[in-house]
Amino acid sequence: MSNLTSFSFPRPVNTVQGPISYEDLGITDCHNHIWIDPVPGVDPNSPVLNQFNEIELELIEYKKAGGQSLLDCQPEGCGRNSIKLMELSQKSGVTVIACTGFHRQKYYPPQHWLFSKRAQKVCDFLSTELETGMYETLELERPLKAGFIKIALETAWGDCPQAALEGTAFAAKKTGALIEIHTEKGALAEKACLYFTDNGVSPNQIVLCHMDKRPDYGLQNELARLGVLLEYDTFYRPKYDPEKNLWPLIDHMVENELAGSIALATDMAEAALYHYLGDGPGLHSLPTDIKTKLQERGISDKDITQMIGGNIARRLAGII
Ligand SMILES: [Zn+2]
């Protein structure tokens, strides 16, 4: 039998409430965290987000401000709870897309299986989560599918889990799924692009995260022209001096007609950044404060729409 169904374009986007058209995603935060269960055996200072009522209020506020969708970037084994994601999505009306994949090893209990298994096992696991259902929902009448792959790189390539990387490449090639790649301040961005494209993954399937922490214009241009999507998210992180780094980088990319290669996010993995949990800017800052600042810089509505939703939506659907 041919694989035509899974490779027809545009593909439906798998959300925690079922498949929808990419055209219905609207304003989308392409990298966030709305639930993280505590993980036994890891550093007690690892982030936890498990206060249901406050998170629900946060999502309702996001929705009221015009936010429609978000990608939750916590994979299985380090605090993902897709049942909670589904309940939060149902209660708030925000479309939530969950991920499979792997985070940095420090967020898992020692000897977690993902880091010791062979590439094929990792590929099978990711493919099952994308095509059949996420592990914790397999017993449900209708298992919930992951909508993309999220993985994490370390600073040095030799420290990255090689079999897990290889398994990710197999799974992305097989399923056509998008891979969001956490980089340590942009490190290994070029290496990761070469690695995945050499292994048969299309540049259109690759999102490089936290790239505004490496505002090297030459590199940014080159990566954009290669066809990968660049994710920026330090709007509320003073230590990265967004006025000096992130905002001029956005201006540069827009002026060079590369707005189609950028996706914006707020990546609020820490409760302190939440409005209802820590008196921070909150999830709703993307459709309010950030959108307003983009308009004030004279960026066109078309480019803004792409950067805060359109670009990630098309990539999830397998088109650019
Ligand atoms: Zn993150």
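Q: What makes the length of helix 4 in this predicted model close to the expected one?
A: Helix 4 covers residues 119-131, which is 13 residues. The expected span is 1.5 Å times one less than the number of residues. For helix 4 that expected value is 18 Å, and the helix reaches 18 Å from its first C-alpha to its last, so the two are close.

Q: Which residues of helix 4 are called buried, and what does that word require?
A: A residue is buried if 20 or more other C-beta atoms lie within 10 Å of its own. In helix 4, Val122, Cys123, Phe125, Leu126, Ser127, Glu129 and Leu130 are buried. These buried residues pack against strand 6 (99-101), strand 7 (148-152) and helix 5 (162-175).

Q: Why is Tyr236 called partly exposed?
A: Tyr236 has 18 other C-beta atoms within 10 Å. Buried needs 20 or more and exposed needs 12 or fewer, so a residue in between is partly exposed. Tyr236 is therefore partly exposed.

Q: Where is Tyr236, and which residues is it in contact with beyond four places in sequence?
A: Tyr236 is in the loop between strand 10 and helix 8. Leaving aside neighbours within four places in sequence, Tyr236 is in contact with Thr266, Leu273, Gly280 and Pro281. Contact here means that the C-beta atoms lie within 7 Å.

Q: Why does Asp241 count as exposed?
A: Asp241 has 12 C-beta neighbours inside 10 Å. The cut-off for exposed is 12 or fewer, so Asp241 counts as exposed. Asp241 lies in the loop between strand 10 and helix 8, and has a positive phi of about 45 degrees although it is not a glycine.

Q: Why does Asp279 count as exposed?
A: With 11 C-beta neighbours inside 10 Å, Asp279 meets the limit of 12 or fewer, so it counts as exposed. Asp279 sits in the loop between helix 9 (275-278) and helix 10 (286-296). Its phi is near 65 degrees, a positive value in a residue other than glycine.

Q: How do you know that strand 10 pairs with strand 9 and with strand 11?
A: Two strands pair if there are at least two bridges between them. Strand 9 (residues 206-209) is joined to strand 10 by 2 bridges, and strand 10 has 3 bridges to strand 11 (residues 262-264). Each number meets the requirement, so strand 10 pairs with strand 9 and with strand 11. The sense is parallel for strand 9 and for strand 11. Leu208 stands opposite Leu230 in strand 10, while Leu230 stands opposite Ile262 in strand 11.

Q: What makes both faces of strand 10 covered?
A: Strand 10 (residues 229-232) has Leu229 and Glu231 on one side and Leu230 and Tyr232 on the other, and all of them are buried.

Q: Which strands are called edge strands in the open sheet with the order 3-4-5?
A: The sheet has 3 strands with parallel pairing. Strand 3 (27-32) and strand 5 (95-97) are the edge strands, as each pairs on one side only.

Q: How do you know that strand 4 pairs with strand 5?
A: Strand 4 (residues 67-72) and strand 5 are joined by 3 bridges. At least two are required, so these strands pair. Leu71 has Ile97 in strand 5 as its bridge partner.

Methods:
Residues are numbered from 1 along each chain as its sequence is written. This is a predicted model: local features need pLDDT of at least 70, side-chain atom pairs count only at pLDDT 80 or more; totals for chains, interfaces and linings use all residues. Two residues are in contact if their C-beta atoms, placed from the backbone, lie within 7 Å.
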